[in-house]
Amino acid sequence: MAYSEKVIDHYENPRNVGALDAKDDAVGTGLVGAPACGDVMKLQIKVNDRGIIEDAKFKAFGCGSAIASSSLVTEWLKGKSLNEAVEIKNTAIAQHLSLPPVKIHCSMLAEDAIRAAIRDYKEKHQSTK
Amino acid sequence: MTVTRPIYLDYQSTTPCDPRVLKMMLPYFSEEFGNPHSRSHAYGWKAEEAVEHARKQVAAILHANPREVIFTSGATESNNLALKGVAHFYKDKKNHIVTCATEHKCVLDSCRHLEQEGFKVTYLPVKPNGILDLAELKKAITEQTALVSIMAVNNEIGVIQPLAEIGKITRERGVFFHTDAAQAVGKIPLDVNEMNIDLLSLSAHKIYGPKGIGVLYVRRKPRVRLAALINGGGQERGMRSGTLSTPLCVGLGEACALAQKEMRAEAIRIEALRDRFYETLRVNLEEIYLNGDAKQRIPGNLNISFAHVEGEGLMMGIKELALSSGSACTSASLEPSYVLRALGVDEEMAHTSLRIGFGRFTNEEDVDHAAKLIIKEVNRLRDMSPLWEMSRQGIDIKSIQWAEH
């Protein structure tokens, strides 16, 4: 199967691979997917006091499209507010990367990862207040 | 610009036609174009002579009689003919077939079709090393069993089934034994009489012959009868009508002759390459697992799970290598290899597997380069893998509540 140039670029030069301290109050962590299905994404965001995502990191287990989808969203997330971040849709990810229909689930997983990371961040802040 | 092709490491998928085979075939496309079934002139006689010589060459590698060799379009047709042909011919007396969960899709799919027609099929499990449990086979055979169909060598994991032992059981119980030997011919010695094999499928393109031709061996004593799938002029003893392709028959015959002559030396050479490759991986990578029995296996196959690295993602990083993955991320089902699942390999581990096939034209330089690339890419992807990170932190991945999608 032929991958698009953008998928290949993100796969070969993934942006923002790594980990943030999951225990840090400013960090939200999302872990989605399942090893048995062949895709797992871990997405972390670091939010500053103005509610802006100032850093994002990912790790992914999956095919090239899964790696590219998560790499792409880390780029998109930086500088966005939480309200803006939640507006990132899988269709935009799929379109940007020209994902074929069998790979749409990779973009859906990336959207899930964003929501999971934001949810984790918000839960931390509810419990500390 | 020179375009270098990937290193070919997918010899269980297909093999290139050996130049020596091609050379023998060429005259039969042009000068010697006769119909081998034409009896009234020299064109036909020359073609017939070539086809009958090829039939002898195929029979020789199986230790069979040339009259027991039926040319088909390939192993898929041979397997269809063996299963459906026997089932249909004996349907008034018997209605049961025994096969195995790790068989090739064409055997399993033929069995599904027979089930829809009302036949009963038993799909035997395999042991974790991929080998059939003979006690299970003995238990599965009943008075109603017409045929036992067990592959000689598995196409994904390369394990060799105990053919002689299976043949002994089926002969004692008066049941026909069919084996899909597409991956076995030219790799391991086969003898239809010593092994009590009644039907055997093979394919030319797996043994450095042309695509588009195969054989079904059908025993004459005791006689195995088949209902034909393709009707017509009654060629191939009425079991497979249609004009034979002389060049393809010649190519298959020559491929068998070369395989028979060179098998022993080739097996030693390929096994040394494979072991050199696997040892390099083992020394340089932790947590890699061989799928299928390590010893009872053909020399040219490895099937390895690279824990915490998804197979398709890995393949994308080793574009310079042509091989295949046990992960089926591209298929709509998202299900990994059914063969690995039948061995009891976890779904997550099945997603991390690669099948690496070595063959006649593989050399030391190829395997060293391949090992280097795989090691580099597995390390890169593990650094990127959340599962690898968790396993390094001592987190049991199975303890996590995953949302299966």
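Modeller: A residue is buried if 20 or more other C-beta atoms lie within 10 Å of its own, exposed if 12 or fewer, and partly exposed in between, with C-beta atoms placed from the backbone. This is a predicted model: local features need pLDDT of at least 70, side-chain atom pairs need pLDDT 80 or more, and totals for chains, interfaces and linings use all residues. Residues are numbered from 1 along each chain as its sequence is written, while chains are lettered from A and ligands numbered from 1 in the order in which they are written.

Colleague: Which residues of strand 2 of chain B point the other way from B:V69 and B:F71?

Modeller: Strands are DSSP E runs of at least two residues and helices are H or I runs of at least four, numbered from the N terminus. In a regular strand the side chains alternate between the two faces of the sheet. Strand 2 of chain B covers residues 69-72, and the four are buried. B:V69 and B:F71 share one direction, and the opposite one is taken by B:I70 and B:T72.

Colleague: What is the bridge partner of B:F71 in strand 8 of chain B?

Modeller: Strand 2 and strand 8 (residues 214-218) of chain B run antiparallel, joined by four bridges. DSSP must find at least two bridges for strands to pair. Opposite B:F71 sits B:V215.

Colleague: Where is the cis peptide bond that ends at B:P222?

Modeller: B:P222 belongs to the loop between strand 8 and helix 7 of chain B. Omega is near -10°. The cis bond runs from B:K221 to B:P222.

Colleague: With which residues is B:I230 in contact, leaving aside neighbours within four places in sequence?

Modeller: B:I230 is in the loop between strand 8 and helix 7 (246-284) of chain B. It is partly exposed, with 14 other C-beta atoms within 10 Å. Its C-alpha is 9.1 Å from that of B:L81, 149 residues apart along the chain. Contact means C-beta atoms, placed from the backbone, within 7 Å, and here the partners are B:R240, B:S241 and B:G242.

Colleague: What is the phi of B:H63?

Modeller: B:H63 is in the loop between helix 2 (42-62) and strand 2 of chain B. With 14 other C-beta atoms within 10 Å, B:H63 is partly exposed. Most residues other than glycine have a negative phi, and most peptide bonds are trans. B:H63 is not a glycine, yet its phi is positive, about 60°.

Colleague: How far apart are the C-alpha centres of domain 1 and domain 2 of chain B?

Modeller: An automatic or database assignment sets the domain bounds. They give domain 1 (19-259) and domain 2 (264-389) of chain B. The contact draws 19 residues from domain 1 and 17 residues from domain 2 of chain B. The C-alpha centres are separated by 30 Å.

Colleague: Which strands of the chain A sheet stand at the edges?

Modeller: The sheet is open, with three antiparallel strands in the order 1-2-3. Each edge strand has a single partner, so one side of it is left without a neighbour in the sheet. These are strand 1 (27-34) and strand 3 (53-61) of chain A.

Colleague: What is the bridge partner of A:I45 in strand 3 of chain A?

Modeller: Strand 2 (residues 39-47) and strand 3 of chain A run antiparallel. Eight bridges join them. A:I45 is matched with A:A56.

Colleague: Against which helices do the buried residues of helix 1 of chain A pack?

Modeller: Helix 1 (residues 5-12) of chain A has A:V7, A:H10 and A:Y11 buried. They fall within an arc of 100° seen down the axis, so they line one face of the helix. The arc is that of directions from the helix axis to the C-beta atoms. The packing partners are helix 2 and helix 4 (90-97) of chain A together with helix 8 of chain B.

Colleague: Which exposed residues does helix 4 of chain A carry on the face turned away from its buried side?

Modeller: The buried residues of helix 4 of chain A are A:N90, A:I93, A:A94 and A:L97. They cover an arc of only 95° around the axis, which puts them on the same side. The face turned away carries A:T91 and A:Q95.

Colleague: How many residues of chain A are in contact with chain B?

Modeller: Chain B gives 24 residues. Helix 8 (311-317), helix 10 (347-350) and helix 12 (386-392) of chain B each give two or more. The count for chain A is 25.

Key. Contact = placed C-beta atoms within 7 Å.
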